[in-house]
Amino acid sequence: RRVWCGKPQLGAEASDEGGGVGVGEAFVARQRGEALREARQHLRRAIEALGAMLRPDHGVDGLVDLALAMAGGALVQFPIGWLSDAAGRRRTIAVISAGGIVVALLGLWAGGNGLLAKYAASFLVGALVFPMYAISAAHTNDAVAPQNRVSAAAGLVLLFGLGSILGPLASGGAMSAMGGDGYYVVLAATLAASLAVTAITR
């Protein structure tokens with residue numbers, strides 16, 4: 001009785017290096033898509049929580065603020081993406097951070113200057129703050145090797161989750177002490193830190 005001890009034959013698809021690369025790229029794309037979907041869910045929850053904090057009575061005024069912020073974030077996605085491709089990710093992050101500081105100061109001023117100024121501040125907050133994660137993710141992917149993009153995306157999602165926890169805590173504490181202006185104070189401080197980090201790092 002003969003016993004065959006040879007190695008099993010691998011299929012063409014297993015030995016084909018090109019196929020392996022294709023599977024790896026598909027996995028990276030799938031993981032990136034899942035990370036972005038999870039980030040959008042966290043962002044939506046944070047926006048809903050922000051709307052509840054700013055307008056405890058859940059009135060129409062708060063819904064308008066929230067809708068304008070969402071509209072601002074949606075309308076600038078393509079222009080901000082084009083700017084990041086043309087001018088570079090770091091410069092775009094710096095522009096967003098500096099613009100966000102100005103908008104936060106506008107929000108502080110708009111508190112007692114009528115609905116129009118307040119609505120403009122809400123729109124601009126969404127336009128400048130919401131694209132930050134996407135530009136940061138693109139900047140990270142530009143700097144890491146393709147095989148490390150999945151772990152980099154996981155790290156970004158983790159940091160985003162931590163921010164989603166710490167941001168409302170800081171904003172809530174500031175708003176308890178200063179009223180609605182506390183949100184814009186925390187926003188200005190956060191974006192100032194972002195601008196400083198962008199300026200001193202390469």
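Which residues are buried in H9? In this predicted model, the buried residues of H9 are Gly182, Tyr183, Tyr184, Val186, Leu187, Ala188, Leu191 and Thr198. Helix H9 covers residues 181-200 and holds 20 residues. From first C-alpha to last, H9 reaches 29 Å. The expected value at 1.5 Å a residue is 28 Å, close to that span.

The chain as a whole is helical in its assigned elements. It contains nine helices and zero strands. Read from the N terminus, the order is α-α-α-α-α-α-α-α-α. Of the 202 residues in the chain, 30% are buried. Among contacts with a separation of 6 or more, 76% join residues 24 or more positions apart. The accessible surface of the chain is about 12500 Å². Carbon and sulfur atoms account for 67% of that surface.

Confidence varies along the chain. The mean pLDDT is 76, and 67% of the residues reach 70 or more. Among the elements, helix H5 (residues 89-110) has the highest mean pLDDT, at 88. Helix H1 (residues 12-15) has the lowest, at 43. The pLDDT stays below 50 over residues 3-21. Beyond near neighbours in sequence, this stretch makes zero contacts in the model. Where pLDDT is low, the predicted coordinates should not be read in detail.

Helix H7 spans residues 132-143. Its twelve residues should cover 16 Å at 1.5 Å a residue, and the end C-alpha atoms lie 17 Å apart, so the two values agree. Met132, Tyr133, Ile135, Ala137 and Asn141 are the buried residues of H7.

H7 also takes part in a charged network. Side chains of opposite charge can pair when their charged atoms come close. A search of the whole structure finds two salt bridges. In one, the side chains of Arg89 and Asp85 meet at 2.8 Å, N to O. In the other, the side chains of Arg89 and Asp142 meet at 2.7 Å, N to O. This second pair links distant parts of the chain: Arg89 belongs to helix H5 and Asp142 to helix H7, 53 residues apart. Asp85, Arg89 and Asp142 are thus linked in a network of salt bridges. Burial differs between two of these residues. Arg89 has a relative accessible area of 18% and therefore counts as buried, under the 20% cut-off. Asp85 has a relative accessible area of 58%, so Asp85 is exposed.

Ser122 sits in helix H6 (residues 115-129). Its relative accessibility is 8%, so Ser122 counts as buried. Leaving aside neighbours within four places in sequence, Ser122 is in contact with Asp65, Leu68, Ala69 and Tyr184. One of these partners, Tyr184, is itself among the buried residues of H9.

A nonpolar patch lies on the surface. Leu158, Leu159, Leu162, Ile165, Leu166 and Leu169 make up this patch, which covers about 650 Å². Ile165 is placed in helix H8 (residues 149-178). With a relative accessible area of 52%, Ile165 is exposed, because the cut-off for exposure is over 50%.

Notes: Residues numbered from 1 in each chain as written. Predicted model: local features only at pLDDT ≥ 70, side-chain atom pairs only at ≥ 80, totals over all residues. Heavy atoms only, no water. Helix = DSSP H or I, 4+ residues; strand = E, 2+ residues; numbered from the N terminus. Expected span 1.5 Å × (residues − 1). Buried < 20%, exposed > 50% of the residue type's maximum accessible area, 1.4 Å probe, protein only. Contact = heavy atoms within 4.5 Å. Areas by Shrake-Rupley, 256 points an atom, 1.4 Å probe, with all protein chains shown as cover. pLDDT = per-residue confidence, 0-100. Patch = residues over 30% accessible without salt bridge, like charges linked within 9 Å, V, L, I, M, F, W, Y side chains within 5 Å. Salt bridge = Lys/Arg side-chain N within 4 Å of Asp/Glu carboxyl O.
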